[in-house]
Amino acid sequence: MREIEVVDSHTGGEPTRVVLSGFPDLGKGPLSERRVRLDCEFGNLLRALTTEPRAPVATVLAVLTPPTDPAFATGVLYADSGGSLGMCGHGTIGLVHTLAALRRIRAGRHTIETPVGRVDAELEGDGSVSIDNVESYRFRKGVTVNLPGHGPVTGDLAWGGNWFFITGATPSPLETGHRETLEAYTRAIRRALEEAGITGEGGAPIDHIELHAPSPHGDANSRNFVLCPTLTYDRSPCGTGTSARLACLAAEGMLAPGETYRQEGFTGSRFEASYQPGTRGIRPRIRGRAHLTARARLLFEPDDPVSGAFARNPDDP
Ligand code: PYC
């Protein structure tokens, strides 16, 4: 019987599951190659670790893997039930909090290797974690897609460690009572981008859709709703989404280097963000807080019909 040891946490409501042991060896090559192996060889196992009956909806997995440079604290591959992610901001905050709780790292600065580059994380005395994310940039400004029933919707394409379409065009207030409308709208944008062949750099799919609107609370700069690749929404303000949004604001001259931007997520949780200029775009800094929820040994009996998870999530549209 396969056993996999995990620690679960949430960052602003969005779950992260750090795999401590029991995951198959992914080899020693560059993390971009290990990421391909993860998707090609272990898709079923990823699904089993991130969906019912073993995981809450929207779980992001953080698979620890040895770094290519021993000076780094760890390497990590992120994935949700649809497959690997380039980076994950809430997941990195959860990972650092988890490693600190296990006494594997102390307060201070740590470098983490991801398939899309190096991320520096600082564990602060009050338990919060600040991450200096990969360089983020606006790729295309003012891209328009046509949505059946809504007409043209215009937004920017931006990289924040994952690819985003970001728009302030929202069909309803970004409030939980409108969740179904917002899910349907962002799924339709995702479909329209695919059908129009609109991609990120190098043909990468735009698999995150981010809506933004003023926050109903005066002390946050904006509220967002982020649709993730699995078509679930991010319960946190989304670290890579906040990075991509900062890159667009910086490109428009609407946010100065070092200025604090308070990003509220759909469920009301907050990240604090700022940036420094980069070579192509910006280097975003995202600060948030994670909390542990469980430590477990997950069991996979060979004769369990859902040991590889449901072929399709029963709640999927
Ligand atoms: O925080 O970057 C993030 C993220 C990506 C997908 C879910 N959360």
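Q: Which residues count as nonpolar, charged or polar when a shell is described by class?

A: Ala, Val, Leu, Ile, Met, Phe, Trp, Tyr, Cys and Pro count as nonpolar, Asp, Glu, Lys and Arg as charged, and the others, Gly among them, as polar. In this predicted model, the shell around the ligand has three nonpolar, five polar and two charged residues.

Q: Which residues surround the ligand?

A: A residue belongs to such a shell if one of its heavy atoms lies within 4 Å of the molecule. Here the shell consists of Glu 14, Cys 88, Gly 89, His 90, His 208, Cys 228, Asp 234, Cys 238, Gly 239 and Thr 240.

Q: Which polar atoms of the protein lie within a few ångströms of an oxygen atom of the ligand?

A: A polar backbone atom of Gly 239 is 2.7 Å from an oxygen atom of the ligand, and a polar side-chain atom of Thr 240 also lies 2.7 Å from an oxygen atom of the ligand. For a nitrogen atom of the ligand, the partner is a polar side-chain atom of Asp 234, at 2.8 Å. The ligand taken alone exposes 240 Å², of which the protein buries 99%.

Q: What space does the ligand take?

A: The ligand takes the space of the largest cavity, whose volume is about 140 Å³. Of the 21 residues in the lining of this cavity, Val 60, Leu 85, Cys 88, Cys 228 and Asp 234 are the closest to its centre.

Q: Which helices each supply at least two residues of this lining?

A: They are helix H3 (89-101) and helix H5 (239-251).

Conventions:
Residues are numbered from 1 along each chain as its sequence is written. This is a predicted model: local features need pLDDT of at least 70, side-chain atom pairs count only at pLDDT 80 or more; totals for chains, interfaces and linings use all residues. Side-chain values use heavy atoms; hydrogens and water are left out. On a 1 Å grid over the protein atoms alone, a cavity is a set of points where a 1.4 Å probe fits but cannot get out, and a pocket is an open set with protein on both sides within 12 Å along at least five of seven lines; lining residues have an atom within 4 Å of a point. Grid points are joined across faces, edges and corners, and a volume is the space filled by probe spheres set on the points. Helices (H or I, at least four residues) and strands (E, at least two) are DSSP runs, numbered from the N terminus. A polar contact is a pair of N or O atoms within 3.5 Å; within protein, one must be able to donate a hydrogen and the other to accept it, and residues adjacent in sequence count only if both atoms are side-chain atoms. Accessible areas come from the Shrake-Rupley method with a 1.4 Å probe; for residues, only the protein chains shown count as cover. A molecule sits in a cavity or pocket if more than half of its atoms lie within 2 Å of its grid points.
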